[in-house]
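Visitor: Could you take me closely through the charged side-chain pairs of this model, with the criteria stated as you go?

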Amino acid sequence: MRRFRLFTFIKEGFKGVFRNGLMSVASILVLFSSLFMIGIFTTIIKNVNYNLDKMEDFNELVCYMKLDATQEQVAKAGVTMKNFNNVTGVTFVSKEEALEAEKQKYGDEYKQIFEMYEKTEAEGGKSNPLPDAYRIEYKSVNDLATLEEKLSRVEGVETVRNSYAVAQNIQKLKNIITLGGTWLMVLLVVISVFVIANTIKITYHSRELEIGIMRYIGATKTYITMPFVFESVIISAVSAGLGYLAQWYVYTRVLRGLTEKYDIIEIIPYTQMHRLFLIIYFGAGLVIGVFGSIITIRKYMKV
């Protein structure tokens, strides 16, 4: 009996979708567009934050040693740095490690320069132009100026790079992008709910006489209202499916193609994003559809 009723509700839901015709198509397109834009905003927010997080460390100073500093001076400087207040970690980066990191990062773009360094080294000359360095992690920004001054006075230290100001700007940019994207997504959700509610409203008015008769002969409110819910679920499911396919194409083909052509930025692998997209399109889509139908049903049916 329950299976029969479920089948009846689904059947009536499809009838409602086809009965409304153009309004159903418009609802699908609007909901699809809203979900797709939410997916795009999510993609932008997640990937911008992903790239910004890779740019700078928020609590790190870098101390570059003098090129002519002896190994003894370099080692002694590291011990001195560890004893400073506010320092939570000291990591030594040798000039060889630094050069290798630069090779991996820019080896293809500046291949001739690195080949020149290797040739000079093979001939017995000094080929590495990079200094030894220490990465200093600190606890609090309150005493950052004092710590930076102390580090600059350590014997053998050439310069101290402070990325805190850059990190602050990065954080502000992240906050702006996240806040702006969130508000736009909320606006799109409201528009989607409004469109779904109006679609159900039209369906209700087209069946108002039929519904009155059903209530007169004793049909339950659940029996009357469930076809409306399934109609909105069908609209939401179709919109979600179209949106997910469009998102997959844009992410795996368009964005991937752009990043391969312009390797300035990176994007999060799709395998790490597809679950989030499933939640956005099918989870949020169904919630929007059901919520929109419930708003109308409660108003006209006084459920």
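Guide: What follows is a look at the salt bridges, with the cut-offs given where each term comes up. This is a predicted model, in which local features need pLDDT of at least 70 and side-chain atom pairs count only at pLDDT 80 or more, while totals for chains, interfaces and linings use all residues. Residues are numbered from 1 along each chain as its sequence is written, and side-chain values use heavy atoms, with hydrogens and water left out.

Side chains of opposite charge can pair when their charged atoms come close. Taking a salt bridge as a side-chain nitrogen of Lys or Arg within 4 Å of a carboxyl oxygen of Asp or Glu, the count comes to 2 salt bridges. In one of them, the side chains of R135 and E60 meet with an N to O distance of 2.8 Å. This pair links distant parts of the chain, 75 residues apart, since R135 belongs to strand β3 (residues 133-138) and E60 to strand β1 (residues 60-65); strands here are DSSP runs of E, at least two residues, numbered from the N terminus.

As for exposure, buried means under 20% relative accessible area, exposed over 50%, and partly exposed in between, with a 1.4 Å probe and protein chains only. E60 therefore counts as buried, at 11% relative accessibility, whereas R135, at 35%, counts as partly exposed.

The salt bridge between E149 and R153 has its closest N and O atoms 2.6 Å apart. Here E149 is partly exposed because its relative accessible area is 40%, and R153, with 65%, is exposed.

Methods. Helices (H or I, at least four residues) and strands (E, at least two) are DSSP runs, numbered from the N terminus.
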